[in-house]
Amino acid sequence: MKKKSLVAIALILACFFLGSGILSAGDFNLKEFKKKLPALLGSNNVGTDFWLTFNPCWETSGAKNDLKLYISSGVETTVTVEIPGKGYLRQQKTVPNDIIEFTLTPSLGQCYRKTDRQAPEPDAVYSGYGVHVYANQPIIVYGVTRYQYTSDSYLGLPVSSLGKDYVVASWQDISDFGLQYLPCYTAIVSPYDNNTVRFTMGGTSASRTAGGQQPLETRKYTLWKGDVLLISSFGQRADLSGSRIRSTKPVSVISSNFCAYVPENTPACDYMMEMELPTNTWGTEYHYTPIFGRLRNSIIKIFTKEAGTQLSMDGVPITTLKTASGLEGDGWLRFRADVGAPRPIVFSGNKPIYVEMYNCGQLDDNVPSDPFMLVLTPLEQYQREIIFNTPGIRGGFGFAINYVNVVYRGSDDGSLPDDLEFATVQAGQFVWKKLRDIDPKAGQPFSIPINGKKYFNKTIKLPADGVYKIRANDPFAAYAYGFSSFDSYGHPTSVALGDLEKPDTLPPDPKWEMQCDGTIDGAIVEDMPRNNDRSNLSLILFDSESSFNFKFSYQDFIPGEDASTHWEANVVDKTKDGRAVITFIDRRGNDTTIVIDYYAVKLTVRPDLNFGRLAAGDTKQMDCWLVNESKQSDALATKLQLKSNNQGFQINGITLPVMVPKNDSIKFQVQFTANQNGEFKDSIGVGDTCVFGYKSLVKAEVGSAIIDVTYHDFGDVPVNQFANGTIQIRNLGSINLEIYSYTGPRQPTI
């Protein structure tokens, strides 16, 4: 028999793309729970499962060369870093709202190592070389190549946000390709088995790969879970930019340059890398922001997704590209953002585009800096709240200066909006301040509005390494970058990765039925709506911090590919209350949270009864109580019985079934009849149609009194004399002896 009403309350919170509804269950506050979940979870860079790698970087002999993973979470959770093909596994617990650090050697984190004097290895699949980062609760991950004289970073994307279609944004090799080799790379990591990857070479007409692949040529590879396909450029001025990656299952893509001169005639070179964004997340409007302190604008590359895409700068058309990605000039464009002084610029396309900016070398304007690459966020993916951390920990090998450029919608009078706030962590908690109270300057305005809204760029200098938050009523974007001596990094602080190809506004719909003992099996969740608009499932999160006395599992699915999957939840101890808090999320960030409260049947019997010792043939009756200890609900007792039922006990004074009010009791009697000598024990059990247990012990003893009188010999006593002696009357039986009369010694008759 299945039922919900007596043992469980299930509440659903469906958070739509444009709004949410709030319900509460008992002492559980869903509103507060939703606050702790990162916004748009499941369609951004916050997740529980990541497959990453690090591409080769210029190693200097004797220098400190490390690969870093900087990870943060809002809760305590165990983070595992594993490299299956190299037998590596390490774990750490996060500290809520703080950063933990994993350090990998180049031999562990890279497919191979090389110096600038070694040619790149041929294109190849490296089995199990992927860096697997996973946790039970949501985390943020940044990868940093932190070599002594060259560095860059990328924002890790979880498996829940990956795609099957990418375009490579890299930087050409300007070495002489004889004495020195400074290639660009792209690495493709598969989170799934039997994943077919097709790589179509882009670049320029003179570009080649280290495996001999020609421009516009397509090659096919099969990857298994954890494999890394590493492709390198080969030759002077060879570039991988514009290459198209298509796979049958989602993949991670990380592109880089071994040591880039930006622009090509500007020393000194620096390592650059970035994690690519799938084409289904591209938009049409981008805000470019200048790097703080630089005297010239950065270099820009713009890539197309569809043929015939018209590009514009500040609303003025500049060109139309004729192909979908591919060769420079046909499917992508490269230029300095502007020839004048650094300023914010709007780049747009009439179809989805991809924009990457490249910070120039120090000698470009003699301002201390170093090259790095940074992928821009389309306006369609702006967020109302972001959380991020620096690529460094306090007291660790971080960067000396850290900046954040915030692109925000300004107030009508051009000032900082009152709702734009910035938070730092104090004593483990976020403390919010209005940005205008920290620095009232509005920053630099963009020259044209978008959709009638005027935007600004404001630069914030971060006070130290740590975790930060930014929030506002209107969506915004933010980019992090920083510098040390001969070092730099740049990446988006956070990215929303909603599937812009699917106009999905409905959350997933979980369906289940709970048995009376708290068992849920055969449950299903399906993304809505049931048509081509749905973005499909992205992430399922069981919140272990809010849940208790439940275990949860679900059938594996491919994010963005599978519309539904099965799940189950089971109460661990059926005699105790339990709660399961589960969130189901699709690729557009629509989510449904369900709270399943299991209220155990808490019927018991009190007290234990001891009838004491009775004489054979006696009968005794004692009071007992059927108790409902639940404070939430009444309980229907359908069974009240003795376990053995052959010990002389019987239950009287109650008729079943009986409803016992919550936190109340009903009296009944237990009678014992002493039929024979001995010790007697039994148990009283109680339950409903689902849960039954023996709760109370009853016992009694039955016996007889056996009179024993001792003998005393007075011996010879003279006539008319007296003699004293002692006679004992003893009870040799098992019950008390009660003496009502006796007859003493009599004078004998002669």
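Modeller: Before we start: buried means under 20% relative accessible area. And keep in mind that this is a predicted model.

Biologist: Okay, then why is Cys360 called buried?

Modeller: Its relative accessible area is 3%, and the cut-off is under 20%, so Cys360 counts as buried.

Biologist: And why is there no bond from the sulfur of Cys360 to the closest cysteine sulfur?

Modeller: That closest sulfur sits in Cys269, 14 Å away, which is too far for a bond. A disulfide needs two cysteine sulfur atoms within 2.5 Å.

Biologist: What makes Cys259 and Cys269 a disulfide, then?

Modeller: Their sulfur atoms are 2.0 Å apart, and the limit is 2.5 Å, so the pair qualifies. Cys259 belongs to strand E16, while Cys269 is in the loop between E16 and strand E17.

Biologist: Why is the disulfide of Cys259 and Cys269 called right-handed?

Modeller: The torsion about its S-S bond is about 85 degrees, so it's right-handed.

Biologist: What about Cys516 and Cys690: how do you know that a disulfide joins them?

Modeller: Same kind of check: S to S is 2.1 Å, set against the 2.5 Å limit. Cys516 lies in the loop between strands E33 and E34 and Cys690 in the loop between strands E48 and E49, so the bond ties together parts 174 residues apart in sequence.

Biologist: Is Cys690 buried or partly exposed?

Modeller: Cys690 has 25% relative accessibility, so it counts as partly exposed; that class runs from 20% to 50%. Its partner Cys516 has 7%, so Cys516 counts as buried.

Definitions and conventions
Residues numbered from 1 in each chain as written. Predicted model: local features only at pLDDT ≥ 70, side-chain atom pairs only at ≥ 80, totals over all residues. Heavy atoms only, no water. Helix = DSSP H or I, 4+ residues; strand = E, 2+ residues; numbered from the N terminus. Buried < 20%, exposed > 50% of the residue type's maximum accessible area, 1.4 Å probe, protein only.
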